[in-house]
Amino acid sequence: MYDQPVGFTAALDVQPRLESWDRHDAPSQVALRVYLAHIEEICRSGLSQDHGLGLRLNVGISATSALMGAGGDLDNYLYPVVRALGHHKFVAAFGEKRRGRSDIAIGLAKPRDPGVALTGWHHAQAHATASSQSTAWKQEIADQIGSQVADPAHDDRGVSLHICFRLSARRNWAYLWKPAIDSLSAILGETIPGRPFHPRDDRILQLGLHRVIDDSLGNAVALGIWWQELSTNS
């Protein structure tokens, strides 16, 4: 796992945008392209390396908007940025929803000291072998995580979550973020009881995503997951 990057940091002149799955000419897609062009422009000097980078995106939420319960999943903020800048360049991506202005940081990723990494946090792990585009992939993860979670996060609390993806170098690791988080209802709770793969992921106020290359896994993916309740949701 990695620490958050230090070095290049820039304030954003536009509000971060969520990934959009609308048609190419939809307003959401147009706004997303404008935003990503801004990201690419201001981050150019931070991309002097083409591998081993870490990224941090702080998403500023106004005082009149809720941090939780209003959508705005952190992985959907991080994904388009990493997609635009090149997923292969990054071994770590961090996001946080907080009050104040939005900013972005990029720097070489520094491995976290294993002696102090996430001491006292809840932990679970999974190993998935099905196609990552299938429901079976999510089900594999959900079943394994569910069998290990004795103390899920309380419904009224924000959550800090880290996921480490161990996988082969040829895999697009960013493509796995959303389906992996969709599999964590045992930790995050369900949006609608009994509806699988729709967790309350807008409760994630701090998110860390980490990549470890292990070509011996082939098509399989191993995941390590750590989470902790936050003391404030304001």
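Helices are DSSP runs of H or I with at least four residues, numbered from the N terminus. The exercises below concern a predicted model.

**Exercise 1. Determine what follows helix 2, and whether the length of helix 2 agrees with its number of residues.**

Solution.
Step 1. Just after helix 2 comes Gly-86, which takes a positive phi of about 110°.
Step 2. The expected span of a helix is 1.5 Å times one less than its number of residues. Helix 2 has 12 residues, so a span of 16 Å is expected.
Step 3. The end C-alpha atoms of helix 2 are 17 Å apart, which agrees with the expectation.

**Exercise 2. Describe how helix 2 is covered, and by which elements.**

Solution.
Step 1. A residue counts as buried when its relative accessible area is under 20%. By this criterion 10 of the 12 residues of helix 2 are buried, and the helix is mostly covered.
Step 2. Among the buried residues are Leu-74, Tyr-77, Leu-78, Val-81 and Leu-85.
Step 3. The packing partners of the buried residues in helix 2 are helix 1, strand 2, strand 3 (90–99), strand 4, helix 4 and strand 7.

**Exercise 3. Carry out a corresponding analysis for helix 1 (residues 27–43).**

Solution.
Step 1. Helix 1 has 17 residues and should therefore span 24 Å; the distance between its end C-alpha atoms is 24 Å, in agreement.
Step 2. The buried residues of helix 1 are Ser-28, Gln-29, Leu-32, Tyr-35, Leu-36, His-38, Ile-39 and Cys-43.
Step 3. A general rule helps in reading such a list: an α-helix has 3.6 residues a turn, so residues three or four places apart point the same way.
Step 4. The cover over the buried residues of helix 1 includes strand 1 (8–11), strand 2 (53–61), helix 2 (74–85) and strand 4 (103–108).
Step 5. His-38 serves as an example from helix 1. Its relative accessible area is 16%, so His-38 is buried. Apart from neighbours within four places in sequence, His-38 is in contact with Leu-12, Asp-13 and Val-14.

**Exercise 4. Identify which residues touch the most other members of the largest nonpolar core.**

Solution.
Step 1. The largest nonpolar core has 57 residues, and Leu-57, Phe-165 and Trp-177 touch the most other members.
Step 2. The element that gives the most to this core is helix 2, with seven residues.
Step 3. For Leu-57, residues up to four places away in sequence are not counted; the residues it then touches include Tyr-35, Tyr-77, Leu-78, Val-81, Phe-94 and Ile-104.

**Exercise 5. Establish how strand 6 (residues 159–167) is placed and paired.**

Solution.
Step 1. Eight of the nine residues of strand 6 are buried, so this strand is largely enclosed by the rest of the structure.
Step 2. Strand 6 and strand 7 (residues 204–213) run parallel and are joined by nine bridges. Leu-167 stands opposite Ile-213 in strand 7.
Step 3. With strand 8 (residues 221–229), strand 6 pairs in the antiparallel sense over eight bridges. Here Ser-160 stands opposite Gln-228.
Step 4. Ser-160 counts as buried because its relative accessibility is 3%. Residues up to four places away in sequence set aside, Ser-160 touches Trp-121, Gln-206, Trp-226, Trp-227, Gln-228 and Leu-230.
Step 5. Ser-160 and Glu-96 are 64 residues apart in sequence, yet their C-alpha atoms are 9.0 Å apart in space.

**Exercise 6. Compare the two faces of strand 1, and name the strand with which it pairs.**

Solution.
Step 1. In a regular strand the side chains alternate between the two faces of the sheet.
Step 2. In strand 1, Phe-8 and Ala-10 form the covered face, whereas Thr-9 and Ala-11 form the uncovered one.
Step 3. Strand 1 is joined to strand 4 by four bridges, and the two run antiparallel. The bridge partner of Phe-8 in strand 4 is Ile-106.

**Exercise 7. Decide whether Lys-110 and Phe-197 are buried or exposed.**

Solution.
Step 1. Lys-110 lies in the loop between strand 4 and strand 5 (122–128). Exposed means over 50% relative accessible area; Lys-110 has 59% relative accessibility and therefore counts as exposed.
Step 2. Phe-197 lies in the loop between helix 5 (185–188) and strand 7. Its relative accessibility is 14%, so Phe-197 counts as buried.
Step 3. Phe-197 also has a positive phi of about 65°, although it is not a glycine.

Note on methods
Residues numbered from 1 in each chain as written. Predicted model: local features only at pLDDT ≥ 70, side-chain atom pairs only at ≥ 80, totals over all residues. Heavy atoms only, no water. Buried < 20%, exposed > 50% of the residue type's maximum accessible area, 1.4 Å probe, protein only. Contact = heavy atoms within 4.5 Å. Core = buried A, V, L, I, M, F, W, Y, C linked by side-chain atoms within 4.5 Å. Pairing = 2+ DSSP bridges.
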